[in-house]
Amino acid sequence: MNREDSIFFSDQIDHKLKNLRDKFYYHLEYSMVKDITTIKVRDIYQALALSIRDNLIEKWLRTDYEYYKGNHKIVNYLSMEFLVGRLMIDSLNSLGILEEASELVKELNYSLSDIEELEPDMGLGSGGLGRLAACFLDSLATHNYPAMGYGIRYEFGIFKQLIRQGYQVEEPDNWLRTNNPWEIKRPEITYRIKFGGRVERHDRVDGKTLFYWVDTEDLMAVAWDIPVLGYRTNNVNTLRLWQAQGTDIFDFEYFNNGDYIKAVEKKNISENLSKVLYPNDNFHLGKVLRLKQEYFFVSATLQDIFTNFKKHTSDYNRIPEKVAIQLNDTHPALAIPELMRILIDQERLEWDKAWAITQNTIAYTNHTVLPEALEKWGYDLLKELLPRHLQIIEEINLHLLNRVNSIYPGNMYKLKTMSIIEEGEIKHVRMANLCVEGSHSVNGVAKLHSEIIKKKIFKDFYELYPEKFNNKTNGITQRRWLDNCNKSLANYITSLIGDDWKKDLFELKKLEQYYDNDQVLNQLQEHKLHNKKELAKRIYKLTGIRVNPNSLFDVQVKRMHEYKRQLLNILHIIYLYNQIKDNPDADWTPRTIIFSGKAAPSYFVAKNIIKLIDAVGVKINSDLEVNDLLKVVFIPNYSVSLAEIIIPAADLSEQISTAGFEASGTGNMKLALNGALTLGTLDGANVEMREEFGEENIYIFGLKAEEVAKMKQEGYNPEGYYNSNPNLKRVIDMIRSNYFNSNEPGIFQPILDTLLKKGDYFMVLEDFQAYCDINHTISDDFKNTKLWYNKVLLNIARCGKFSSDRTIHEYAKDIWGLEQIKV
Ligand code: F58
C-alpha cells in the first residue's frame, strides 16, 4: 500500500522509533520529563509501560479496523467485574519482548521484578467471577476472536485487607492514584444515561401505542479503553470501562435560584456512581447504588453496541447475526428490558420481533446456586428508578405466565415459581428468571453445577426450554497462571515438550511419557522448592513468620466464606496440633498451612473465622514443642499478584467446599497446573479434575452433593458428631474454653453457634473425620517423594481441559456462533 493510501497515521512517519530501547529512553525524557539525575524508579515503570503501549497500538488500531471493515460478528462480554491484576509482564510476554525489557532495565540497575512491583493490581473484581472474565478476555484475544469486554471503571477496586491483632481491617484501594498507563480515555465516546422520571403513553389513531420515558435525571458514561493483547498474535481486543460523569447541564432549579455551588454539587453526586466496587462475594446486598451501577453500565454498553451496529445497517433483524451478548451472571440482566426498550420505543419494532431479536442475541451464565446470592430487586425501587423497564419486565412476565398456563393449565405452583415477579408483602423482581426467559442460552460453569441448575434452581424452566441449557466448564489462562507466574517451571516444561502448550494446553499430555523418569521428577521437585523458598521469604516479609520450605505447603487461598469451609481446615489444624503434642516423637510430616483471602466487610462470621485462624496460628507458631512440624500462616490482602506468588509454591490445594455449593472454582485449576495435588470434595470442577487426573492422583473425601441434599432433608444432627467423636469434641472444647484467646474470652462463640446451635448448615462436623483421615494419607504420601511427584507430573500433564482457551472455543462454537478473525 502507498503511504498516501494508508489510513494509519503511523504510515506517514519516516523514522518510527523502532525498538523498545529507543521508545523507552524517548519516554523517560519526553513523557516523564526526567534526566539521569532526577529519575525515580517509578519513572522507569511508567516509561516502560508507555513503550509497551506504543508497541501494541498499531496492532490495536489495525484490529479495530479489520473487525469494522469485515463486519464480523462480535461477542460483547458484559461483566460488572474484571479482576485483571497487573499488565506489564503479561504484555511483554505476549509481545515476545520480555528478555529485551529485562535487559533494558538492567542498564539502569534494576530488575524487571523490581519494576513490576510498582504496578498496582487492577482489582476491579471480588473473586472467581471477575477473574474468570479476565481469563476469558485473554483467551479470546489469543485465539483471534472479535470480542469486547464491557464493565465499570471503579475508582476504588476491591478493598485492601490489613490484619490487625488478627482482625480484618479494610482500606480503600486507590489504584488510580498514580497514572495508569494502560488506559485511554475516550471523551468522544460518551453516552447519556437516564434514571427516574415517568412514562408517557400515547395512543395513536392507527392503533399503535407509543411510550416516552420523560422527566428523567441524567448522567453521562465516558469510555476508557484498555487493550487486551493476545499471545503472539496481532489481534488486540478492547476492554471498555465506563466512568460516570455529571451532565454539563447543571440542575436548572438551583441555577435559577442563584445557587451555583449546589448545582455543581449535584454533578458530583452523579459521579459517585462508578466510585466503588461492591466487595461482597456470593451475597446479594440489594443496595440502590448497586442497581444504579448495573443499569448505568448496561445502558452505556447497549448504546455503544448499537452505535457500532448501525455503522453497517439499520436492519435490526440482523442484530443476532452480528452481535452476541454474554451476561456474566445476572448483574447485567437489565440488558434484556433495555434492548427491548430500544427496539420498541426508539426503533419502533413490534413486540414479537423485538423479543425474538433480544432472545437470540443474549446468553446468560449462572455462577452460583446459593439462594442468598441470587439477585432480586424491590419492585418499588425499580419502578422509581427505571419505570419503563419495569413495564417491559411485566409484559415479558405476562407472556411467560400465559405460556406456562397454556402448557400446564391451572398449575399455580409453576406460575408462582417461574414468575419473574415474586409476589408477597414486598414485591421483588427475580433477575435470574428474567435472564433465563430472555436468553437463548443458559449455562453453568462446571458439569455438576450445570446439572444442579437443571434439576434444582431452574428445574421448571428446564422442563419448558431444555434446549437452552448447557454446560461450559470454566478454565484459566495458562499464559498468566503458568508461563508468567512460574517461569522456571514453564521453561522446564518447554525444554521437554516444546512451547505449543502456551496456546494449546492439551499439549501437556506429552509430559506423561516422563511419568517414571527420575531426572524429570527431581527437576519438578527442584522447581517447587525454589518457589517455596521465594514464598517463605515473602511470608516472612509480610507476617514475620518463618516457615520451613521443606515442609508440606498446604494452601487454601480464596474468598473467606462459610461454604468454602476454611473452618474445616482450622478444626483439622487444631486436631493435628493435639496429635503432635500427644505424641511428639512420631514420624510427622512437617506442614505449613497457608491461608489467604478476603471476607466481605459485613460478613461477621467470615471475619470471625479469620480471627480464629490467626489466634490458632499465634498459639501454634510460638509453641516450641511443635516447632518446625506445624506452622499456620494467614497472608493478608489476597490479590491476583499475591496469588501469582503463592500458587507456584503450593504442594497441596485445599478445595473443600460443601458438595453442591461451589459452582466451579478456578483456583483449583491454577494450583493443579502449578503442581499442587488437590484435596477436595466432589464439588464444582473438582469432579472433572478427578475424571481427568485419575482418582489415584487426587485426594477426594466427604459427602457427595446428593448425600448433602438427602441428609439435609432427612434431618442432620451436628451434636451427634460432637458427642460421638472424641477428637472432634476435644477440638471444639478447646475453642469453647478460650484456649486460643484467653485474653479475649468468648469471641469465637458465634462460630461455635453456627456449628452446634444453628445446625451446621455447611456440614463441617459431618465431614470432619473423613477430612482428618485423608489428611493422614496425604502426610504419608508426601514422605514418599517419588510417589508424590509421579502424581504431580500426571496432574500437570492432564490439565489440558482446564485452559480457558478450551472454554472459549466452546462458547464461540455452541453459544455465540463466532469465527476466528486473524488480523
Ligand atoms: C464464582 N462466583 C463461583 N461470584 O463462586 C465460583 O465457583 C466460580 O468458579 C466463579 O464464580 C467463576 O465461575 C463469584 O465469584 C461473585 O463474586 C459475585 C460478585 C458480585 C456479587 C455477588 C457475588
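How many of the eight residues of helix α3 (residues 88-95) are buried? Eight of the eight are, so helix α3 is largely enclosed by the rest of the structure. Buried here means under 20% relative accessible area, exposed means over 50%, and partly exposed is in between (1.4 Å probe, protein chains only). The buried residues of α3 are Met88, Ile89, Asp90, Ser91, Leu92, Asn93, Ser94 and Leu95. Right after α3 comes glycine 96, with a positive phi near 75°. Helices (H or I, at least four residues) and strands (E, at least two) are DSSP runs, numbered from the N terminus.

A quick word on the model itself. It is a predicted model, in which local features need pLDDT of at least 70 and side-chain atom pairs count only at pLDDT 80 or more, while totals for chains, interfaces and linings use all residues. Residues are numbered from 1 along each chain as its sequence is written, and side-chain values use heavy atoms, with hydrogens and water left out.

**Around the ligand**

So what sits around the ligand? There are 20 residues surrounding the ligand, and the closest are Leu129, His367, Asn474, Glu662 and Gly665. To count as near, a residue needs one of its heavy atoms within 4 Å of the molecule. Helix α6 (residues 128-142) gives the most to this shell, with three residues. Sorted by class, the shell has six nonpolar, 10 polar and four charged residues. For that sorting, Ala, Val, Leu, Ile, Met, Phe, Trp, Tyr, Cys and Pro count as nonpolar, Asp, Glu, Lys and Arg as charged, and the others, Gly among them, as polar.

Here are three distances from protein atoms to an oxygen atom of the ligand:

| Residue | Protein atom | Distance to a ligand oxygen atom |
|---|---|---|
| Serine 126 | polar side-chain atom | 3.5 Å |
| Glycine 128 | polar backbone atom | 3.4 Å |
| Glutamate 662 | side-chain N or O atom | 2.6 Å |

Taken alone, the ligand exposes 520 Å², and the protein buries 95% of that. Accessible areas come from the Shrake-Rupley method with a 1.4 Å probe, and for residues only the protein chains shown count as cover.

**Two sheets**

Next, the strands. Two strands pair if DSSP finds at least two bridges between them. One open sheet has six strands in the order β21-β20-β19-β22-β23-β24, with parallel pairing. Strands β21 and β24 (699-700) stand at the edges with a single partner strand each, so one side of each is left without a neighbour in the sheet. Edge or not, β21 (residues 630-634) is largely enclosed by the rest of the structure, because five of its five residues are buried. Leu630, Val632 and Phe634 point one way from β21, while Lys631 and Val633 point the other way. Strand β20 (residues 591-596) pairs with β21 in the parallel sense over five bridges. Along that pairing, isoleucine 593 stands opposite valine 632, and arginine 591 stands opposite leucine 630.

The other open sheet has three strands in the order β14-β16-β15, and its pairing is antiparallel. Its edges are β14 (376-378) and β15 (421-422), each with a single partner strand, so one side of each has no neighbour in the sheet. Three bridges join β14 to β16 (residues 428-430). One pair to look for is glycine 378 with its bridge partner in β16, histidine 428.

**A few single residues**

Threonine 365 lies in strand β13 (residues 362-365) and counts as buried, at 0% relative accessibility. Its side chain makes a polar contact of 2.8 Å with the side chain of glutamine 326. A polar contact is a pair of N or O atoms within 3.5 Å; within protein, one must be able to donate a hydrogen and the other to accept it, and residues adjacent in sequence count only if both atoms are side-chain atoms.

Isoleucine 39 is in the loop between α1 (20-30) and α2 (41-70), and is partly exposed, with a relative accessible area of 23%. Glutamate 437, in helix α16 (residues 431-438), is buried at 5%.

Finally, the cysteines. A search of the whole structure finds zero disulfides, a disulfide being a pair of cysteine sulfur atoms within 2.5 Å. The sulfur of cysteine 135 is too far for a bond, because the closest cysteine sulfur, in cysteine 485, is 11 Å away. Cysteine 135 is buried, with a relative accessible area of 1%, and cysteine 772 is buried too, at 2%.
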